[in-house]
Amino acid sequence: MARMAQINFAWRRNRREYLSFLLFVAPNFIIFAIFTYWPILYSFYLSFTKWNFLLPDKQWVGLRNYRRLAQDDAFWEVLANSLTYAVSVVLIAQFLAFLLALLLNRKVRGQPFFRTISFTPYVTTTAAAALVWVLLLDPNLGPLSHLYNLLGIRGPRWLASPQLALWAIIMVGIWKEIGFATLFFLAGLQNINREYFEAARVDGAGPLAILRHITLPLMSPIIFFLMVSGFIQAMKAFEVVDIMTEGGPVYPSSATYVYHLYRLAFRDFRAGYASAFAMIFFVIIIGITVYQIRASDRWVEYGD
């Protein structure tokens, strides 16, 4: 009885705090429930149906959509395209961004100007950037055509070649991602205690040794964050594909997973099959993210 009395007293005393907590949490929870959790659950349900958006009735087909998906050559091709795009953009952009951040971290004249220029690609809208790159890569009318003429060579038809179209899109992704990654790398470099570098120089360490044993380990949390967030963002690439190639020139040579998903749902009106695509995409993203988090224990070093 005494124990129950203590519990009741503690509940009455903390009831106001519990109610305040619920009051602050409820709006966010309701928004997430309506616009995130419910669409995921409803999409999961639709993945077991055949529905064309037009008729109210949905035909239950069980696992047929998933079995068909495993036999769909377009599924494997767009998945390979998305993985190629994501891995290339994340690795190349982070490498170049880290080098750029090292340069921007030096005391040079006009440093604020160069830092602003480096971040400009990220704040440029994807649609505008894609249109500019379409003109830039044009072998006949683009600025690069003058360079080709000076060199006496025939410029590659980036967007008209099934082998090059995807890499043209990757170049745009790298160009945009560099600015975002550079901002984080530069912030991380400026937060490293200068005493580490001074002590290493006193011990006779050279620039490469300092980079390997001090800079990179201390920057590893930022590298990990950019790898995870950048990979998820790159896997969702849509606008740049829609504007530059529409998945062509021979579909789906440059189509990404999300773009193909969009075509299935809103052009072909195959809502059930598209939902199965979405569920597999959700599982892939979760699986790769979990793997990255677990693998980070072996190389990410967090400071005190």
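## The turn between α11 and α12

F269 is placed in the loop that links α11 to α12, and in this predicted model the residue has a positive phi of about 55° although it is not a glycine. With a relative accessibility of 37%, F269 counts as partly exposed.

The two helices on either side of this loop, α11 (residues 257–266) and α12 (residues 271–295), pack against each other at an angle of about 160°, and their axes are 8 Å apart. That angle makes α11 roughly antiparallel to α12, since angles over 145 degrees are classed in this way. The crossing of α11 past α12 is left-handed. On the α11 side the contact is made by Y257, V258, H260, L261, L264 and A265, and on the α12 side by Y273, A274, F277, A278, I280 and F281. Sorted by character, the residues of this contact comprise 11 nonpolar, one polar and no charged.

## Burial of α11 and the nonpolar core

Helix α11 is largely enclosed by the rest of the structure, because seven of its 10 residues are buried. The buried residues of α11 are Y257, V258, Y259, H260, L261, L264 and A265, and the elements that cover them include α3, α9, α10 and α12.

Y257 takes part in the contact of α11 with α12, and it is also one of the residues with the most contacts inside the largest nonpolar core, a set of 63 residues. The others named for their contacts inside this core are Y85, F185, M219, V240, M244 and F277. Leaving out residues up to four places away in sequence, Y257 touches F75, V78, L79, S82, F277, I280 and F281; of these, F277, I280 and F281 belong to the α12 side of the helix contact. In general terms, nonpolar side chains in soluble globular proteins tend to be buried together.

## The loop between α10 and α11

The loop that precedes α11 holds several backbone features. P249 is located in the loop between α10 and α11, and the peptide bond that joins G248 to P249 is cis, with omega about 10°. P252 is located in that loop as well, where a second cis peptide bond joins Y251 and P252, with omega about 0°. E246, also placed between α10 and α11, has a positive phi of about 55° although it is not a glycine, and its relative accessibility of 43% means that it counts as partly exposed.

S253 is found in the loop between α10 (239–244) and α11, and because its relative accessibility is 10%, under the 20% limit, S253 counts as buried. Beyond its neighbours within four places in sequence, S253 is in contact with E77, N81, P162, L166, G247 and G248. Among these partners, G248 is the residue joined to P249 by a cis peptide bond.

## Q94 and W299

Q94 belongs to helix α3 (residues 73–104) and is buried, with a relative accessible area of 8%. Apart from neighbours within four places in sequence, Q94 is in contact with V89, F185, I223, L226 and M227. F185 is, in turn, one of the residues with the most contacts inside the largest nonpolar core.

W299 lies in the segment after α12 and counts as partly exposed, at 34% relative accessibility. Not counting residues up to four places away in sequence, W299 touches S220, I223, F224 and M227; I223 and M227 are also listed among the contacts of Q94. W299 and F224 are 75 residues apart in sequence, while their C-alpha atoms are 9.2 Å apart in space.

## The pairing of α8 with α9

Helix α8 (residues 194–202) and helix α9 (residues 207–235) pack at an angle of about 165°, with 11 Å between their axes, and are therefore roughly antiparallel to each other. The crossing of α8 past α9 is right-handed, whereas that of α11 past α12 is left-handed.

Y196, F197, A200 and R201 of α8 meet I210, I214, T215 and L218 of α9 in this contact. The residues of the contact divide into six nonpolar, one polar and one charged, whereas the contact of α11 with α12 has no charged residue.

Note on methods
Residues numbered from 1 in each chain as written. Predicted model: local features only at pLDDT ≥ 70, side-chain atom pairs only at ≥ 80, totals over all residues. Heavy atoms only, no water. Axes fitted to C-alpha atoms, helices over the stretch in contact; angles between N-to-C directions. Helix = DSSP H or I, 4+ residues; strand = E, 2+ residues; numbered from the N terminus. Parallel < 35°, antiparallel > 145°, perpendicular 65-115°, else oblique. Left-handed = near helix turned anticlockwise from the far one by under 90°. Contact = heavy atoms within 4.5 Å. Nonpolar A, V, L, I, M, F, W, Y, C, P; charged D, E, K, R; others polar. Buried < 20%, exposed > 50% of the residue type's maximum accessible area, 1.4 Å probe, protein only. Core = buried A, V, L, I, M, F, W, Y, C linked by side-chain atoms within 4.5 Å.
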